[in-house]
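Here's a walk through the spaces inside one protein and the molecules that sit there. Have the 3D view open and click along as you read.

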Amino acid sequence: MNNYYCNTPPEKWNDWKWQLANKIDNVEKLSKVLTLTEKEKEDIKNCLDRFRMSITPYYASLIDPNDPKDPIKMQSVPSIAEMDDNDNDMDDPLNEIGDSPVPNIVHRYPDRVLFLITLRCSMYCRHCTRRRVVGEKDGIISENELKIAIDYIRKHTEIRDVLISGGDPFVMGTAKLEHIIASIREISHVDIIRIGTRVPVVMPMRITDELMDMLKKYQPIWINTHFNHVKELTPEAEVACQKIVNAGIPLGNQNVLLRGINDSTKTIKDLMLKLVHNRVRPYYMYQCDLSKGIGHFRTNVDTGVKIIHELTGFISGYAVPRFVIDAPAGGGKIPINYNYVISKDDKEVVMENYMGKTFYYPQPEK
Ligand SMILES: *Cc1c(COP(=O)(O)O)cnc(C)c1O
Ligand code: SF4
């Protein structure tokens, strides 16, 4: 535990607006919280010319100052490896620009859209997929842009699921967020509203009763959050998750497989079991995307396949997420699985179980 903040009064610490106002966004502030060498300071300054930094005091307080490979630090403090360019890196690896019919909307799948309502986050994750835009400006969607996006959703009656993301929607004030959610809820063909947020992980005090009371009015709402390591599931984060679930909102988790942070079966297993303990359902585990400056986080695809194979059958099915690659160029999320089928024809399926034993299933006769 990092104790720079030990004299902060709890009423400040537990106020999300204090956390945002005191975010660590330059080397001077960071060096007060963490001891940095001159070389580290230099490297971080170089990175900040390219990608923005912001760390909430809460998240920074979780960094173990004696562990150079601390998973919290690796996700939040810039590393010089971000300056390395890879041939395969892209500004917009998921082709979100190409799939955007109107500003702020990405319409890739038949029945649902991604609605990006802000570019702001409380913490800028070093591995962010959308780092081409996130944090570039603190912009919240304007009234005019909101109208255009809402009109698009209203005209497209096939849209039954609106996924609000960004940036982080929960960094916005509750009233502004309510205005957006209420505008979506008015559209009769929209069935579920989903929110993607990392606030339970990086600023859990934002999950207030006031926010939950607001969301409850617009059910059915689903939330997905983004825990990558069991160290992030602190007592504060657990309270935040339980508040969401107790508001009747199903809470899922999407983690990213990150080299040196969580790329082992043991680490993923510990995370998933603790999520399920808190009634958070692991949803997707992502292969790291091809965004610029995150090449050092990428693992071989086989690592993810192996981890899921080593968990499937051994722990509750609820605790096993689906491993996906969000395909470059806008192909969407593609599940990548261990192949349990040894052979299959019209007569029978020969398959392997989780322990590697062979079993047969006869096909129905025609
Ligand atoms: C991930 C994503 C969705 C949601 O996909 P699900 O598989 O339903 O979770 C929708 N639109 C876009 C553009 C996405 O990237
Ligand atoms: S919270 Fe999400 S959008 Fe924001 S920096 Fe992290 S990964 Fe990117």
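The sections below go through the pockets, the two ligands and a cavity, one at a time.

## The largest pocket

One thing to know up front: this is a predicted model. A good place to begin is the largest pocket, with a volume of about 1,000 Å³. Its lining is made up of 43 residues, and Leu114, Arg130, Ser165, Gln254 and Tyr286 are the ones nearest the centre. Sorted by class, that lining holds 19 nonpolar, 14 polar and ten charged residues.

Strands do a lot of the work here. At least two lining residues come from each of E1, E2, strand E3 (161-165), strand E4 (192-196), strand E5 (221-225), strand E6 (251-256) and E7. Which of them gives the most to the lining? That would be E1, with four residues.

## Ligand 1 and its neighbours

Ligand 1 sits in this largest pocket. Look around it and you'll find Val106, Arg108, Tyr109, Arg112, Leu114, Leu163, Arg194, Tyr283, Tyr284 and Lys333. Leu114 turns up twice in this story, since it is in the shell of ligand 1 and is also one of the residues nearest the centre of the pocket. By class, the shell comes out as six nonpolar and four charged residues, with no polar ones.

Three strands each bring at least two residues to this shell: E1 (105-109), E2 (112-116) and E7 (281-286). E1 has the largest share, with three residues. E1 is also the one that gives the most to the pocket lining.

## Holding on to ligand 1

Now zoom in on the oxygen atoms of ligand 1. Which side chains have an N or O atom 2.6 Å from one of them? Arg112 is one, with a side-chain N or O atom 2.6 Å from an oxygen of the ligand, and the side chain of Tyr284 gives the 2.6 Å value too. For Arg194, the distance from a side-chain N or O atom to an oxygen of ligand 1 is 2.8 Å. Taken on its own, ligand 1 has 380 Å² of accessible area, and the protein covers 91% of that.

## Ligand 2

Ligand 2 sits in the largest pocket as well. Its surroundings are Cys121, Met123, Tyr124, Cys125, Cys128, Gly167, Arg198 and His226. Here the classes split into five nonpolar, two polar and one charged.

## The second largest pocket

Next up is the second largest pocket, at about 410 Å³. It has 16 lining residues, with Pro68, Lys73, Met74, Pro78 and Ser79 nearest its centre. The elements to look for are helix H4 (38-48) and helix H6 (71-76), each of which supplies at least two residues of the lining. H4 has the largest share, three residues. By class, you get eight nonpolar, three polar and five charged residues.

## A closed cavity

How many cavities of 30 Å³ or more are there? The count comes to one. The largest cavity has a volume of about 80 Å³, and its lining consists of Phe51, Arg52, Tyr124, Cys125, Arg126, Cys128, Arg131, Val134 and Glu136. Five of these are nonpolar and four are charged, with no polar ones.

Some of those names may ring a bell. Tyr124, Cys125 and Cys128 line the cavity, and they are also among the residues around ligand 2.

Definitions and conventions:
Residues are numbered from 1 along each chain as its sequence is written. Chains are lettered from A and ligands numbered from 1 in the order in which they are written. This is a predicted model: local features need pLDDT of at least 70, side-chain atom pairs count only at pLDDT 80 or more; totals for chains, interfaces and linings use all residues. Side-chain values use heavy atoms; hydrogens and water are left out. A residue is near a molecule or strand if one of its heavy atoms lies within 4 Å of it. A polar contact is a pair of N or O atoms within 3.5 Å; within protein, one must be able to donate a hydrogen and the other to accept it, and residues adjacent in sequence count only if both atoms are side-chain atoms. Accessible areas come from the Shrake-Rupley method with a 1.4 Å probe; for residues, only the protein chains shown count as cover. On a 1 Å grid over the protein atoms alone, a cavity is a set of points where a 1.4 Å probe fits but cannot get out, and a pocket is an open set with protein on both sides within 12 Å along at least five of seven lines; lining residues have an atom within 4 Å of a point. A molecule sits in a cavity or pocket if more than half of its atoms lie within 2 Å of its grid points. Ala, Val, Leu, Ile, Met, Phe, Trp, Tyr, Cys and Pro count as nonpolar, Asp, Glu, Lys and Arg as charged, and the others, Gly among them, as polar. Grid points are joined across faces, edges and corners, and a volume is the space filled by probe spheres set on the points.
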